[in-house]
Each structure stands twice: as structure tokens, then as C-alpha cells.
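Trainee: Got a minute? I'd like to go through this one with you.
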Amino acid sequence: MIGDIVETKQCQLKDPMDLFHSGQVVKICAPMVRYSKLAFRTLVRKYSCDLCYTPMIVAADFVRSAKARDSEFTTNKGDHPLIVQFAAKEAQVLCDAARIVCPFADGIDLNCGCPQRWAMAEGYGACLINKPELVQDMVRHVRNQIDNPRFSVSIKIRIHEDLKRTVDLCQKAEATGVSWITVHGRSVEERHQPVHYDAIKIIKQSMSIPIVANGDIKTLKDAENVHHLTGADGKTKQMTFQWTAVAAFLYGEAGIILVLCLPFISPLRWQKIFMIPLWSKMAVFWNKMFLTIIVLLIVLFLDAVREVRKYSAIHVNEKVANINTNAFDHIQMKLFRSQRNLYLSGFSLFFWLVLRRTVTLLTQLAKGMASHAALETQVNDATEAAKKYMAENERLQEALSAKGSSKRKESAEATDEKLKKEVERLKAELQKTSNAFHKANNEVTAFKKQSEGLKREYDNLMKEYERLQDSLNEAEDKKDL
């Protein structure tokens, strides 16, 4: 057998739960019919066995018969830590047996895994895995009636064909206050088939209390191999690899975001860094990588939420918490770790989105700053050119004004002379035109008089023509007569 462990020294402790906190593999001698008596237990303890079980004892016979007690249970001061395993089907009978051995042993174990026909026919052993309420009731009664808080109450089970039923049984027992659970990795029908260590691992991952692996462990090497196969690696205080990776990823994200937000590194400089060929090659896969990490973080976040809900739903009453403080502390530790994992995955997801948004904003800001700088350069160039042209214009105006002041007078006199000559020329032409006008006017008057004379002459000719025409007409009239 092997068990979960956490931190302290081995073999010198008398509290069985302290063994599971030793940080090493707990070596347990399993209960064996007719073998696990005092002499055999004394022998195996000399070979560094940490915890020993008695053979299975029928609780009803043990309570009823002093002879059965004397023959089935013997111990001494060096026989510790010691677990007495009982077969029982009634809560009160198991409580009575536990009260009898409580001064001499460190705990009891309820056998829910014996597959023998006689045991199952009597209602003992493996048939109890199908009666989780009865198992809960028996564990609860022992917890309530045994006042010693260091007295352990454990169970040993086999697995169901449907592993969900086994996990449900273990979780119900855990909520009732069981100290640890020993899991034999075979079903009731299996005898020599290979042990389902993967099932033990799943049960281990679903529980907060220690889980002891049982089945085909014959050497210390077997114990070490099963120790790793089932996940009971003695390092329950450390984070698993996936959450260590998430934590490192979270710290890396926080560091990168802080560096990106440093005020003395401008977005333009970041833009130059992002334009390095290495980053340009990585940019091709950036979107795929971003989405892949988003999916992984969401899966881890949902898994952490599930863990938080699972351990938050476990309610341990005050009586059980006072008696089995280690189990209660273990549940709280599991709840704390699941909450820690929830924060790690949640903040990693949030920082990943913030990091992408920060890089995008830096890139956009860098492009805006570059565009603004280019526009500012153009404006400055245009301003300088305008100033240059204005200065040149002023210089030319000054040169013209200086040169024109000396020539202005001469130019004005020459202009006046030209204007006078032009006026004289225009006066001469006007006089010539006036003379021509008078001449033309006289000619018009003469032509007018001449036309009046011609008109009178024309009128006389017309009168003469009419007279001749009349005389001609008269002559023709006479001829006709």
C-alpha cells in the first residue's frame, strides 16, 4: 500500500494522519487474513513499515465475545501506529467495537472491499460500496461517539464499473469526516486482473483527503511505481506543472505590460522594435497563437471554476471538524488551491486580452505619431518657404524703391514732355479734322442746292411728258373716227 503524504518525519509519529503529512511515501502493511497479527506487525516495523493494520475482525463477534477479542486483537506499546480493521453492517455495533479498541489503537478501518462470498452474503465487505448512505451513517456514528480527535476513521473500498459511483461514494464519505480512503483498484468481480491504477488516480484527483492505493504492490519498487502512476507523489503542497506554467505566464504578462507602459519608451520606438524581422515572421502566426492561448486559458478557467464549486459544496459539520481537523484543513487547503488556480487563470486571460489591446493601441499610436510628424514637417517646410519668399519680396521692394527715387523725377519730366507733344499733335489733328468737316459741310450744301435744281427740272420734264401724252392720245382718237 502507499498513501498521500505531505510534510514531517516518518515512523516516529503515533498519529496516523501525521504520516500522510510527512512528505514521503507512506509504507503500509495491508490487512492480511491470519498474517497481520502482532508478531508479524512487529517484524515488518523493523523493516521501516510506517503503518500496520490488523486482520479483518467481524465487529459483532468482537463486541459480543470476550474470547473473540482475546484471540483476534493483541498489541503492545511498540505496536503503533495501529489501525484495527472491522467488518460491520450496523452503525452502533461499529461504534461499540471502536470504543473498545480506542485506548489501544490509533484508528479503525471499515472494510468495504472484501469480495468473499460469505462476507457479502452477511452484508459485510464489498457489498457496502453500493450502500453509501449506510457507510456515511457508520462513519458519522463513530465520529460522534469517539471523543479522541486524533483517532482516525478510514474505509477500504473497491471500485464500481461506473467510476462516477465510486467517486460519489468517496465524496460522501469525505463529507462525513472519514480520515482517508484505501482504494483497491479492482471491481468486486475481478480477482487477478490488472489493477486499474488510472481509476485510483481519478479518485485521488477528485478528493481532498488522502487516498491510499492498494493492489498488486509486492515490493518497494512496486510501491514507488504506483506512487507515481496514481499521482500520490508526496508533493501535494506544490502546484502541478500546468498551474506552474499558468503562474509563470501570468508573471510574464504582467512584466511585459509594465515594460510596454514605461513612459520613457515612445510608441515610435516600440514600432521600430515590432518591425524587427523576427517579429515580422512571428506576426504571421500571431492570431493563431493568440486564439490558441485564449482557448487554453478558458478551459483552465472553467476547470478552476468547477474545482471551486466542488470544494465549496463540501460541508463539514462542527462536530466532524473538531474531531477530524486534518481532513477539514485538507478540504480548506484544496478550496484555497482551487481559488488560487481560478485567480491565476482568470487574470492570465484578462492580462492576455489587455496585452493584445496594448500592442494594438501602441501600433496605432505610433502610426498616428508618424503621420503627425510628417504633417508637421510639411507645415514647417511650407512656413520656411513662405518666410523666404516674403523676405525676398521685401528685399526686391526695397531695391526698387531705392532705385526708383532717383529716376522718378526724370521719368516724370520725360512723361510730361511726351504728353505735351501728344497734346500738340492731337490739337493739330483736331484742327485738320475741323477743317475737313467744314469743307465737307460746304460740299453737302452745294449738293443739296444742285439736287433741288435737278428736282425742279425733273418736275418740268414730267409735266411736258404728260402734255405730249395727252396730245398723242387725242390724235389717235381722231384717227379712229
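Mentor: Sure. Keep in mind that this is a predicted model. Let's begin with strand S4: both of its faces are covered, with Leu82, Val84 and Phe86 buried on one side and Ile83, Gln85 and Ala87 buried on the other.

Trainee: Why do the residues split up like that?
Mentor: In a regular strand the side chains alternate between the two faces of the sheet.

Trainee: OK, and how many residues of S4 are buried?
Mentor: Six of its six, so to speak a mostly covered strand.

Trainee: Which way does S4 run relative to S5, parallel or antiparallel?
Mentor: Parallel, and four bridges join the two strands. One pairing to look at is Ile83, whose bridge partner in S5 is Gly107.

Trainee: What about S2 and S3?
Mentor: S2, residues 51–53, pairs with S4 in the parallel sense over two bridges, and Cys52 stands opposite Leu82 there. S3, residues 57–58, is also parallel to S4 and joined to it by two bridges. In that pairing, Ile57 has Phe86 of S4 as its bridge partner.

Trainee: Switching topic: which residues of helix H5 are buried?
Mentor: H5 covers residues 91–101, and its buried ones are Ala91, Val93, Leu94, Cys95, Ala97, Ala98 and Val101.

Trainee: And what covers them?
Mentor: The cover includes strands S4 (82–87) and S5 (107–112), along with helices H3 (59–64) and H7 (132–145).

Trainee: What unit do S4, H5 and S5 make?
Mentor: A β-α-β unit, and it's right-handed.

Technical notes:
Residues numbered from 1 in each chain as written. Predicted model: local features only at pLDDT ≥ 70, side-chain atom pairs only at ≥ 80, totals over all residues. Heavy atoms only, no water. Buried < 20%, exposed > 50% of the residue type's maximum accessible area, 1.4 Å probe, protein only. Contact = heavy atoms within 4.5 Å. Pairing = 2+ DSSP bridges. Right-handed = clockwise from strand over helix to strand, strands pointing away.
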